[in-house]
Amino acid sequence: VRAEVCFSPKTSVGYDVTETSLSRPNWKVEAKCADGYTGVPKVTKCKQGLEAYELSGCEAKINCDSPDSTDGYLVTERNTVAQLFDVAVSCARGWEGTAQVAPCAASGEKYSLTGCSYSTLTCAAPKSTDGYLV
């Protein structure tokens, strides 16, 4: 007779797991993504006793850095984690085009800004008016 018990997987890196019951009739295991991970965690019960249950859905967060220069862009950073990327961008006054932003591919890389170029059609106020009556 085979025991009706699921085992823990060999690794649970990326997950915070709560094992309430590993016996199959009353099986209850819950998981959430650990700090530094993101996604929608899923716990799959073992198909038969004496097998490991499965964890899926969480992946390491990819943390993007800001670009060295944002000249020509108006940038609002709400979330710089690539999987949850939420950065709003538009062309700054005196610049034209269609502003675009793209997340990085690996942690520590910078996200990219493209699409804006200095306008030769629009006059922009100088950064400083010191010494002038405007």
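Trainee: Is E4 buried, exposed or partly exposed?
Mentor: In this predicted model, E4 has a relative accessible area of 40%, so E4 is partly exposed.

Trainee: What does the side chain of E4 meet in a salt bridge?
Mentor: The side chain of R24, with 2.8 Å from N to O. E4 sits in the segment before β1 and R24 in the loop between β1 and β2, so this salt bridge links distant parts of the chain, 20 residues apart.

Trainee: OK, and how many salt bridges does a search of the whole structure find?
Mentor: Three. One of them joins K110 and D68, at 3.5 Å from N to O. K110 is in the loop between β7 and β8, while D68 is in the loop between β4 and β5, so the pair ties together parts that are 42 residues apart in sequence.

Trainee: What about exposure for K110?
Mentor: K110 is partly exposed, with a relative accessible area of 41%. D68 is exposed, at 72%.

Trainee: Which residue does D86 form a salt bridge with?
Mentor: With R78, and their closest N and O atoms are 3.2 Å apart. D86 counts as partly exposed at 31% relative accessibility, whereas R78 counts as exposed at 55%.

Trainee: Let's switch to the rings. How many aromatic pairs are there?
Mentor: The count comes to three aromatic pairs. Among them is W27 with Y53, an edge-to-face pair with 6.0 Å centre to centre and 65° between the planes.

Trainee: Where are W27 and Y53 in the chain?
Mentor: W27 is in the loop between β1 (15-21) and β2 (28-33), and Y53 is in the loop between β3 (37-44) and β4 (54-60). They are 26 residues apart, and the pair links distant parts of the chain.

Trainee: Why does W27 count as buried?
Mentor: Because its relative accessible area is 18%, and buried means under 20%. Y53 is buried too, with a relative accessible area of 2%.

Trainee: And how are the rings of W95 and Y118 arranged?
Mentor: Their centres are 5.5 Å apart and their planes are at 85°. The cut-off for edge-to-face is over 60 degrees, so the pair is edge-to-face.

Trainee: Which strands do W95 and Y118 lie in?
Mentor: W95 lies in β7 (residues 95-102) and Y118 in β8 (residues 112-118), so the pair ties together parts that are 23 residues apart in sequence. On exposure, W95 counts as partly exposed at 29% relative accessibility, and Y118 counts as exposed at 55%.

Trainee: Changing topic again: how many residues make up the largest nonpolar core?
Mentor: Eleven in all, including C64, Y73, V87, V89, A99, L113 and C116. Both β6 (86-91) and β8 supply at least two residues of this core.

Trainee: Which strand gives the largest share of this core?
Mentor: That's β6, with three residues.

Trainee: Any background on why nonpolar residues end up like that?
Mentor: As a general tendency, nonpolar side chains in soluble globular proteins are buried together.

Trainee: Back to V89, then. What does V89 touch?
Mentor: Leaving out residues up to four places away in sequence, V89 touches Y73, L74, V75, A99, Q100, V101 and L113. Y73, A99 and L113 are also listed in the largest nonpolar core, along with V89 itself.

Trainee: Which residues are in the second core?
Mentor: The second core is separate and has nine residues, among them Y15, V29, C46 and L55.

Note on methods:
Residues are numbered from 1 along each chain as its sequence is written. This is a predicted model: local features need pLDDT of at least 70, side-chain atom pairs count only at pLDDT 80 or more; totals for chains, interfaces and linings use all residues. Side-chain values use heavy atoms; hydrogens and water are left out. Rings of Phe, Tyr and Trp (its six-membered ring) pair if their centres lie within 6.5 Å; planes under 30 degrees apart count as stacked, over 60 as edge-to-face and the rest as tilted. Helices (H or I, at least four residues) and strands (E, at least two) are DSSP runs, numbered from the N terminus. Buried means under 20% relative accessible area, exposed over 50%, partly exposed in between (1.4 Å probe, protein chains only). A nonpolar core is a set of buried Ala, Val, Leu, Ile, Met, Phe, Trp, Tyr and Cys residues joined through side-chain atoms within 4.5 Å. Contact means heavy atoms within 4.5 Å. A salt bridge is a side-chain nitrogen of Lys or Arg within 4 Å of a carboxyl oxygen of Asp or Glu.
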